Amino acid sequence: MLRRLLTQTSSRRLLSSKTPFFSKPSLSPFSSLPSSPDPPSSASSHVEESGSSAAAGTTISVDRSGLFNPPDHSHEPTPDSELVKHLKSVIKFRGGPISVAEYMEEVLTNPRSGYYMNRDVFGAQGDFITSPEVSQMFGEMIGVWTVCLWEQMGKPERVNLIELGPGRGTLMVDLLRGTSKFRNFTESLHIHLVECSPALQKLQHQNLKCTDESSSEKKAISSLAGTPVHWHTTLEEVPSGVPTIIIAHEFYDALPVHQFQKSPRGWCEKMVDVGEDSQFRFVLSPQPTPAALYLVKRCTWATPEEKEKLEHVEISPKSMDLTQEIAKRIGSDGGGALIIDYGKDGIISDSLQAIREHKFVNILDDPGSADLSAYVDFPSIKHSAEEASENVSVHGPMTQSQFLGSLGINFRVDALLQNCDDEQAESLRSGYWRLVGDGEAPFWEGPDEQTPIGMGERYLAMAIVNRNQGTPAPFQ
Ligand code: SAH
């Protein structure tokens, strides 16, 4: 089945390697800076299978998972941004510090000046790059997974395909293009994009080549597959009662986390306060906080070895609640969800990190100008799903490398390599390595600082499916 899907997958987008993946020496050992302008969104940089006309594609990858935050942050006085003023006033009127989770939520999604709300943050001119932006093969392989699940679901005539946090919409573009030969599948789809950022909603609309139905931009038709596309800001807004497939790629890592630290007083929540120098600083809460209930719950899922070593714990109640909502939906409507993110198959200690222009910066510096993200706690997703619905089963996590490898990305890259020029071939090989490799690419002959870094072991994949669907590919 997988082989058949792979040979039939349509391919019309190849990244060109006119400009190399990494084009300028990096100041950071973990990242590289571009010397040339940002490529057009990768959705528009595809070519026909003949490989005749590729647009230039410069992409930069940052493996965010192996890094630590610098200990200090800058104290140079700068005028407060709108978001900084807002955060300070919340702390002032609350009469005390706010949780790390509240800080993170405001920084990322404050409607006026949150990090994601007003701009395109991806790619060479943005702050970081994600797998769909690295290579078309990522979205295509997710397409293979989706068609396999749809077949296991009994090929329903109507399916809600929901993507949480679609970024530029590139994964969905590649999924639709890759599966376009499966007419029964694409005709069954109603796409629902859950996106809080008006700027990114607009970009998704553009990249999916949507034309509006009526005057409302919240519903449109994608000319890529004639598919209806709807936008929502939360999963709850998506209509239920229809078989459902949910994709969440690098969505969970953006959900707010609370941090707890063991102290002589017992477990205390780490909070964000404003110091006498008017700078943000971390403090420990003097009394128990409501999130402690979730800490207790999370600890009941920890192994005895984990519990023994715990000094600092990060938990994401928003992720637990979202997973419950997903599991209930899948449990009653049928279908499944795929979650891919960087994280751990274990309890998380302290992983919150900030990235600006492909470099790690202090979490408290100039909030709103850097991405904040945290490792995803996969056991907590598994337990939350199992707790929410008896009708679902949870599979994985397995590494992204195993996941894409078992779905047949090797066959896919071979097929694409048959029809491309030398530059495109180099770009495909680097992209392939970044998706499934571990560490530096051994075949790389270009400048050291441009060596593609594999993310295949750092990213994990997990599926939550309705029990009627059996075990999803490739978790058998
Ligand atoms: N999946 C994409 C983008 C990942 S970045 C990719 O892999 O390229 C996270 C995405 O989730 C962005 O689109 C961001 O705007 C969106 N997002 C973050 N927090 C959100 C929230 N609370 N509700 C809805 N969307 C959110």
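Reader: Which residues are closest to the ligand, and how many surround it?

Author: This is a predicted model, and in it 16 residues surround the ligand, with Thr-130, Gly-165, Gly-167, Glu-195 and His-249 the closest. To be counted as near, a residue needs a heavy atom within 4 Å of the molecule.

Reader: What makes the pair between Thr-130 and the ligand a polar contact?

Author: A polar side-chain atom of Thr-130 is 2.6 Å from a ligand oxygen atom. The cut-off for a pair of N or O atoms is 3.5 Å, so this one qualifies. Gly-167 takes part through its backbone, where a polar atom lies 3.0 Å from an oxygen atom of the ligand. Cys-196 also uses a backbone N or O atom, this time 3.2 Å from a nitrogen atom of the ligand. Overall, the protein covers 92% of the 570 Å² of accessible area that the ligand has on its own.

Reader: Where does the ligand sit, and how does its shell divide by residue type?

Author: The ligand sits in the largest pocket. Its shell has seven nonpolar, seven polar and two charged residues. Glycine goes into the polar group in this scheme.

Reader: Why is Arg-298 called buried?

Author: Its relative accessibility is 0%. Buried means under 20%, so Arg-298 counts as buried. The residue lies in helix H9, residues 292-300, and its side chain has a polar contact of 2.6 Å with the side chain of Asp-377.

Reader: And why does Asn-160 get that label, buried?

Author: Asn-160 has 0% relative accessibility, which is under 20%, so buried is the right word. You'll find Asn-160 in strand S2, residues 159-164. Its side chain makes a polar contact of 3.2 Å with the side chain of His-192, and the side chain of Asn-160 also reaches the backbone oxygen of Pro-239 at 3.1 Å.

Reader: Why is Glu-250 buried if its relative accessible area is 10%?

Author: Because the label asks for a value under 20%, and 10% meets that. Glu-250 lies in the loop between S7 and strand S8 (258-263). Its phi is positive, about 50°, although Glu-250 is not a glycine.

Reader: What makes Ser-278 partly exposed?

Author: Ser-278 has a relative accessible area of 36%. Buried would need a value under 20% and exposed one over 50%, so Ser-278 falls in between. Its place is the loop between strand S9 (266-274) and strand S10 (280-284). Ser-278 has a positive phi too, near 70°, and is a residue other than glycine.

Reader: Why is Gly-241 called exposed?

Author: The relative accessible area of Gly-241 is 59%, and exposed means over 50%, so the label follows. Gly-241 is in the loop between strand S6 (227-232) and strand S7 (244-249). In sequence, Gly-241 and Gly-334 are 93 residues apart, yet their C-alpha atoms are 9.0 Å apart in space.

Reader: What about Asp-341: buried or exposed?

Author: Buried, because its relative accessible area is 0%, under the 20% cut-off. Asp-341 belongs to strand S12, residues 335-344. Asp-341 and Met-462 are 121 residues apart in sequence and 9.0 Å apart from C-alpha to C-alpha.

Reader: Which residues does a cis peptide bond with omega of about 10° join?

Author: Gly-396 and Pro-397. Pro-397 is part of strand S17, residues 392-399. The bond from Ala-473 to Pro-474 is cis as well, with omega near -10°, and Pro-474 lies in the segment after strand S20 (459-466).

Definitions and conventions
Residues are numbered from 1 along each chain as its sequence is written. This is a predicted model: local features need pLDDT of at least 70, side-chain atom pairs count only at pLDDT 80 or more; totals for chains, interfaces and linings use all residues. Side-chain values use heavy atoms; hydrogens and water are left out. A polar contact is a pair of N or O atoms within 3.5 Å; within protein, one must be able to donate a hydrogen and the other to accept it, and residues adjacent in sequence count only if both atoms are side-chain atoms. Accessible areas come from the Shrake-Rupley method with a 1.4 Å probe; for residues, only the protein chains shown count as cover. On a 1 Å grid over the protein atoms alone, a cavity is a set of points where a 1.4 Å probe fits but cannot get out, and a pocket is an open set with protein on both sides within 12 Å along at least five of seven lines; lining residues have an atom within 4 Å of a point. A molecule sits in a cavity or pocket if more than half of its atoms lie within 2 Å of its grid points. Helices (H or I, at least four residues) and strands (E, at least two) are DSSP runs, numbered from the N terminus. Buried means under 20% relative accessible area, exposed over 50%, partly exposed in between (1.4 Å probe, protein chains only).
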